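This report goes through one protein chain, from a single loop residue to the chain as a whole. Please have the sequence and the structure open while reading.

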Amino acid sequence: SISSRLRPAARMKARGLAKPRRFKRTAATMSAMDSKPRAQRRHVVVLGGGIQGASAAYFLSKRDAKVTVVELESVGSAASGKAGGFLAGEWGSGPTTALHKESFRMHKELASELELETFREIRTLSVASGSKGQKKGLEQTMWLDGNISQARLMDDKTAQVTPLEITTKLMEAAKGRGAEVVIGRATGVEFRDVVEGKGDEEGGRRAEGVVVRLPGGDETTIGCTDVLVAAGVWSSLMAPYFGLPEDAWPITGIKSTHVIWKNESGSGRDAIRDDPAALFCAEEPNGTHLELYPRSNGDLYACGIGGSDYVEDRTRLAEGGDCETPSRVKADVSRVKAAQKSAGILSSLLAAEPEHVGACIRPCPPDGLPYMGLISTSENCYISAGHNCWGILWGPVSGKLMSELIMDGAAVTADISSFSPSRFLPKARRGGKGRKMVDVDVGEQW
C-alpha cells in the first residue's frame, strides 16, 4: 500500500507519487489558523461548490465549523446546476441502499427547511412509443397524447427538484452561518509533519493550507484544520496534491447533452406542471433513451438523448483542456433533433424545438460508487466525489456523512466503507454504470 508519511523526493518519485507542498507559515495562514485554538473551532476548506461541497458546507456550518469553499467559477456551475434532479429513495442496492433511503428522506426535510419552490413528489412511468390504439397499461398523463404503446407505473414514491435551487440554497444557508465562497483554482495543499499519526500506519501528515490562484492570477494560501475534496469529475486532478498517483481516483466523465422545453406563455405546457410524471422511455432507433423530468414550473427536462462523450483523458479536464472549466463543457447540438423527434412522438407539447440546450459531466468511478472517506496520505483530508448519476439525490446525506467524519472522526448515518477512496480499482469496461432501480438497468447506460 502507499504510505502516507512524507518521504524524500527520490523515494516518492520512484513510487510514482507527487511531492506535496511543504507548509509555509504566512500572514494569511497564521491568521486563519491562530485566530482560534484548533480544539475550539475547526476550519474546513472545501474544494468544489457543487451540491457535494454545498451540502458539506451546510452541515459543517451547523456544527459551528468555519467553512471556506473554493469554487472555480460559481456555485452550481457544473452538473449540480444542470442535472435533471430525479430522486428515488427505493432504487438503491447493496452499499447504496442507505444513501438512497436516507437522502430521499433528507430531501423532504430540506425542502421545508430551505423553503424550496421546486421540490415535489411525483410518480415515475416506464413509457414506450408505438402505434396509436395499441396502449398497454393504465398509467397516463394528460400530456402524453402521442403514439404510446406502453405507459406503466414504475414507482409512485419518487420526487424531483431543480438542482441549481437546492445547491444554491444549501450554500446560502451555510453562508448565513459564516461560510465563505472563494472563487479561484486550488493548485496545491501544504502539509506539516506530525510526530505521531492518530490513525493507522498511513498517518503522519496534516494539511494546514490550501493554495488558491485567484482570478487575477495572484496566489493565496488559506489556512485550515481540514480539507475536503468535492469537485466532481475534476477531483481526479487533485490526487497529486496529497502525494498520490495521478490515477489514484479514477473517474470517467460522462459528458452528456440535455434539452429543456420551457413552459413559456402560449406553449400550452401547464399540463406538464399540473399532471407530473417522470418518464423512462424505451430506446428508439435514433439512439435516444429518453429520461423526461417535469419541473414544478411546467418546464420539461430531457436527457438520455445519446451521443455521450467519455472524458477519460485527464488532460481534457486540466488547464488548457476542452473541459477545463464547467463553462467550457459544450453540448452536442447534433443530438437535439433526435431528442425532439423522439419526444414529439410521445407528446404534441414536445414536438417543437426545445428552448434550451446544455451539457454537463457526470463523474463516474469504474464501479459506479462514489469516493467518500479519509484520504490515506493524511490525517485531516477527505474526499466526497464521483457520485455518478445520483449526485443530486445523494447530496444531502453525503454532506452530513462528511460533517460527521470530519467533526467526530466517524460517519454514523450510513456505512461508507464500500466507498473508500483507496480502493484503486482497475479500469473497468464501459456499461452497467447508469441509473438503476435496485439492480435493474433503467434509462441510458454508459
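Where does Glu-353 lie?

## The loop after α7

Glu-353 is in the loop between α7 and β17. The model is a predicted one, and this applies to each of the positions described here. Leaving aside neighbours within four places in sequence, Glu-353 is in contact with Trp-261, Lys-337 and Gln-340. Lys-341 sits 12 residues from Glu-353 along the chain, and the C-alpha atoms of these two residues are 9.1 Å apart.

## Helix α7 and its cover

Helix α7 spans residues 336-346. Its buried residues are Val-336, Ala-338, Ala-339, Gln-340, Ser-342, Ala-343 and Leu-346. Gln-340 is thus on two lists: it is buried in α7, and Glu-353 is in contact with it.

Which strands help to cover the buried residues of α7? The cover includes β5 (120-129), β6 (148-160), β12 (252-261), β13 (277-281), β14 (291-294) and β17 (356-364). Of these, β17 is also the strand at the other end of the loop that holds Glu-353.

## Helices α4 and α8

A second site involves two helices, α4 (residues 97-113) and α8 (residues 391-408). Their axes come within 8 Å and cross at roughly 90 degrees. Angles of 65 to 115 degrees count as roughly perpendicular, and α4 and α8 are therefore roughly perpendicular to each other.

On the α4 side, the residues that meet α8 are Leu-99, His-100, Glu-102, Ser-103, Phe-104, Met-106, His-107 and Leu-110. The α8 side supplies Ile-392, Leu-393, Trp-394, Gly-395, Pro-396, Val-397, Lys-400 and Leu-401. By type, the contact of α4 with α8 has 10 nonpolar, four polar and two charged residues.

## The chain as a whole

The protein chain contains eight helices and 21 strands. Of its 446 residues, 58% are buried. The chain exposes about 17800 Å², and carbon and sulfur atoms supply 49% of that area. Among contacts with a separation of 6 or more, 71% are between residues 24 or more positions apart.

## Confidence

The average pLDDT of the protein chain is 88, and 84% of the residues score at least 70. Over residues 197-203 the pLDDT is below 50, and this stretch has 18 contacts in the model beyond near neighbours in sequence. Residues 425-431 also have a pLDDT below 50, with nine contacts beyond near neighbours in sequence. Where pLDDT is low, predicted coordinates should not be read in detail.

Technical notes:
Residues numbered from 1 in each chain as written. Predicted model: local features only at pLDDT ≥ 70, side-chain atom pairs only at ≥ 80, totals over all residues. Heavy atoms only, no water. pLDDT = per-residue confidence, 0-100. Contact = heavy atoms within 4.5 Å. Axes fitted to C-alpha atoms, helices over the stretch in contact; angles between N-to-C directions. Helix = DSSP H or I, 4+ residues; strand = E, 2+ residues; numbered from the N terminus. Parallel < 35°, antiparallel > 145°, perpendicular 65-115°, else oblique. Nonpolar A, V, L, I, M, F, W, Y, C, P; charged D, E, K, R; others polar. Buried < 20%, exposed > 50% of the residue type's maximum accessible area, 1.4 Å probe, protein only. Areas by Shrake-Rupley, 256 points an atom, 1.4 Å probe, with all protein chains shown as cover.
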